[in-house]
Amino acid sequence: TYGFPIDITVELAGDAGLEVDREGFERALEVQREQSRSQLQSFADASRQRAPLYAAAKGRPVQFEGYASERDSSTIADILDVDSAIDQAEAGMAVEVVLDRTVFYGESGGQVGDTGSLITDTGVFRVDDTQRPIADLIVHRGEVVEGFIAVGQTVQAEITHDRRSDLRRNHTATHLLHRALRIVLGEEAHQAGSLVAPDRLRFDFTSTEALGIEGIQRITALANAQVLADKPVQSDVMTYDQAIERGAMALFGEKYGDEVRVIDIPEFSTELCGGTHVSHTGEIGPVVILSESSIGSGIRRIEAITGHASLDYLSKLQGQSNELARMLRVPAENVVYEVQSLTQQLRESERTIDQLRLRLATGDIDSLLNQAVQMDGTSVLAARIDVADRDTLREVGDRLRDRLGSGVVVLGSTIEDQPALLVMVTKDQTSQGLHAGKLIQEIAPIVGGRGGGRPELAQGGGTDSSRLDEALAAVASAVRRQIAG
């Protein structure tokens, strides 16, 4: 009933000459875990419907003690199942636990909730997420992984230390980036949303223009200058009016109570914020901006990393730079210049190749023109040529049409293993009723495709290159039908 440990079960069964189906146990356990995960998600999806349940569990405000401590002893005030409050939860059950006070930070202000564990004399509850579904209520979402837990029990609550440390770094970094953005863009720029996760941070801000490489470099330099200065990050609780008089920035759209918490980085940033932060800016580590992009009209987004994530990222970049330098046989600081030089050489080579391809394709224009036939006074040229792309096919067609003077030019080629067709009709012939778009519509289906275009120019393609000659052979009869009206 209370999750008797599998290892002890196996040992006792062995003493009795019995065997335990470990594989069956693991399969059943995974099914149960999946059910728990689904149930935890259902808590999040049904937060509004659960409002009466949360209101009943609210009692007095849950005291948050996680600014100064990561572990504490507290009491289970409520356990919430899918649709009701329960007295106890057994191993395998996914529930929400309410404590009388907690060191776990409930998701708010862009910062995600803490994870960790709640341990009682009879069981262990794994906290997978912490939320604030209504004001003054903090719920710990997770699963009973050992034994059972019950209302009224004393718990030892402990958050995941490394994860909280990463959250602190990223949250304080958002304050540095916010101030740096206002220095670079002007005081009219302000925060428009954020996400503080353990592995990254996201910061949305108002701006109609991209920062560009130079802007990102300036903002990164300003933020990291504060990191290197290792300034103390001070927090004070005061009235809202006192905070505003002190110059603290309040975020537009946020709701603040009579008392607010002010986070101050001396001579740089002062903001109202209820999140968790480092004690000194030096703890943040390198601030690295990964990207900057538009997410809507007048709103842009920065994605950044700090701490271990940024150190790992910079280490990988250095490794890649050194490997490129080795491959290019230049010093690492010259890699960019060498790549630019090679890119320019490649472009010049591609232009040369294109010119050579065109020469090859148009080198025998006279012999192609000799394939033209007369049909009721109209010159019709239908030929297959070998080109690498549609641009070259078009250029060859232009030259043949100009040399032909009056008539119809139809070219076919296999490009990237697919049949391609081009039809051109001189202007004098379009006035006689010939239409390139209608011609392509007749011959393209032969190669398993379709096409379309204007009276003077049409293009098409298909899937069966083996029937390309058959399509070209059908040009004469298609032209004849158009001439006949």
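**Entry 1: strands S18 and S19**

I began with strand S18 (residues 373–375), which pairs with S19 in the antiparallel sense over three bridges. The model I am reading is a predicted one. I looked up a facing pair and found Met375 opposite Thr378 in S19. Then I checked the turn: the hairpin of S18 and S19 has two residues between the strands, and Asp376 takes a positive phi near 55° there.

**Entry 2: S19, onward to S20**

Is strand S19 mostly covered or uncovered? I went through residues 378–384 and found S19 mostly covered, with five of its seven residues buried.

On to the next partner. S19 also pairs with strand S20 (residues 408–415), this time in the parallel sense and over five bridges. Here I noted Ala383 standing opposite Leu411 in S20. I followed the chain from S19 through H10 to S20 and logged this β-α-β crossover as right-handed.

**Entry 3: a salt bridge inside H10**

While in helix H10 (residues 390–404), I stopped at Glu395 and Arg399, which both lie there, four residues apart, about one turn of the helix. They form a salt bridge, with the closest N and O atoms 3.9 Å apart. The cut-off is 4 Å, so this pair counts as a salt bridge. I also looked up exposure: Glu395 is partly exposed at 35% relative accessibility, and Arg399 is partly exposed at 38%.

**Entry 4: the other salt bridges**

How many salt bridges does the count give? I get 24 salt bridges by this rule.

I picked out Arg164 and Asp114, whose side chains meet in a salt bridge at 2.6 Å, N to O. Why did I single them out? Arg164 lies in helix H4 (residues 161–185) and Asp114 in the loop between strand S6 (101–102) and strand S7 (116–119), so the pair ties together parts that are 50 residues apart in sequence. I checked the surroundings too: Arg164 is buried, and Asp114 is buried as well.

Next came Arg126 and Asp128, a salt bridge with its closest N and O atoms 2.7 Å apart. Are these two buried or partly exposed? Arg126 is partly exposed, with a relative accessible area of 33%. Asp128 is partly exposed too, with a relative accessible area of 31%.

My last lookup was a network of salt bridges, and I traced it through Glu65, Asp72, Asp100 and Arg101.

Methods
Residues are numbered from 1 along each chain as its sequence is written. This is a predicted model: local features need pLDDT of at least 70, side-chain atom pairs count only at pLDDT 80 or more; totals for chains, interfaces and linings use all residues. Side-chain values use heavy atoms; hydrogens and water are left out. Buried means under 20% relative accessible area, exposed over 50%, partly exposed in between (1.4 Å probe, protein chains only). Two strands pair if DSSP finds at least two bridges between them. A crossover is right-handed if, with the strands pointing away from the viewer, the path from the first strand over the helix to the second runs clockwise.
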